[in-house]
Amino acid sequence: MYRTRWLTGVLAVAAFAAFTTAQDKDKGKDDKEIVITIEGKGAGSMYLGPKGKNEPVTVTVGRKVTWINKSKAPHTATSDKTEMDKPVFATKELKLNESASVTFDEGLFKALGGKAGEDLKLSYHCEIHPKMKGELILKPGKKDK
Ligand SMILES: [Cu+2]
């Protein structure tokens, strides 16, 4: 009897801790992180933005974009733009359920050719499957929140 009560107390604390962590994580996502899911769709694979579609994703400069691979084939997110023959940004090769993030800060925005007050269209691709393409629109300046 005593032992059961002790266990209930521990479970209640654990549940509270889990709830708090989940809340903090969601809050962080709302503020800064944009998640793009990489999914296999029939013959090809696509980069699906927060709306679940392969369409340009708008990113305010300063925000973090996370790509997570939900298909069995490995993929990357690699900028089309190169600097000294190297992509300006590139994730590692992502296997199933692996993710990688890129923070599009002011420095990276400029390295990609961004100018103050102008949106920058940024196309990227998968290094393993060059037909896989995605697009971001980087918005400089004010945060939208
Ligand atoms: Cu790929």
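Q: A residue is buried if 20 or more other C-beta atoms, all placed from the backbone, lie within 10 Å of its own (exposed: 12 or fewer; partly exposed: in between). So what percentage of the 145 residues is buried?
A: This is a predicted model, where local features need pLDDT of at least 70 and side-chain atom pairs pLDDT 80 or more, while totals for chains, interfaces and linings use all residues. Numbering runs from 1 along each chain as its sequence is written. Out of the 145 residues, the buried share is 21%.

Q: How many strands does the protein have?
A: Helices (H or I, at least four residues) and strands (E, at least two) are DSSP runs, numbered from the N terminus. Along the sequence the pattern goes α-β-β-β-β-β-β-β-β-α-β-β. Next to two helices, the strand count is 10.

Q: How many residues sit in the largest nonpolar core?
A: Such a core joins buried Ala, Val, Leu, Ile, Met, Phe, Trp, Tyr and Cys through C-beta atoms within 7 Å. Val65, Trp67 and Phe104 are among those with the most contacts inside it. Elements giving it two or more residues include E1 (33-41), E4 (64-69) and E10 (133-139). The core's residue count is 20.

Q: Which residues make up the covered face of E4?
A: In a regular strand, side chains alternate between the two faces of the sheet. E4's uncovered face has Lys64, Thr66 and Ile68. Its covered face has Val65, Trp67 and Asn69.

Q: Which residue of E8 stands opposite Thr66?
A: Strands pair if DSSP finds at least two bridges between them. E4 and E8 (residues 99-103) pair antiparallel over five bridges. Across from Thr66 in E8 is Ser101.
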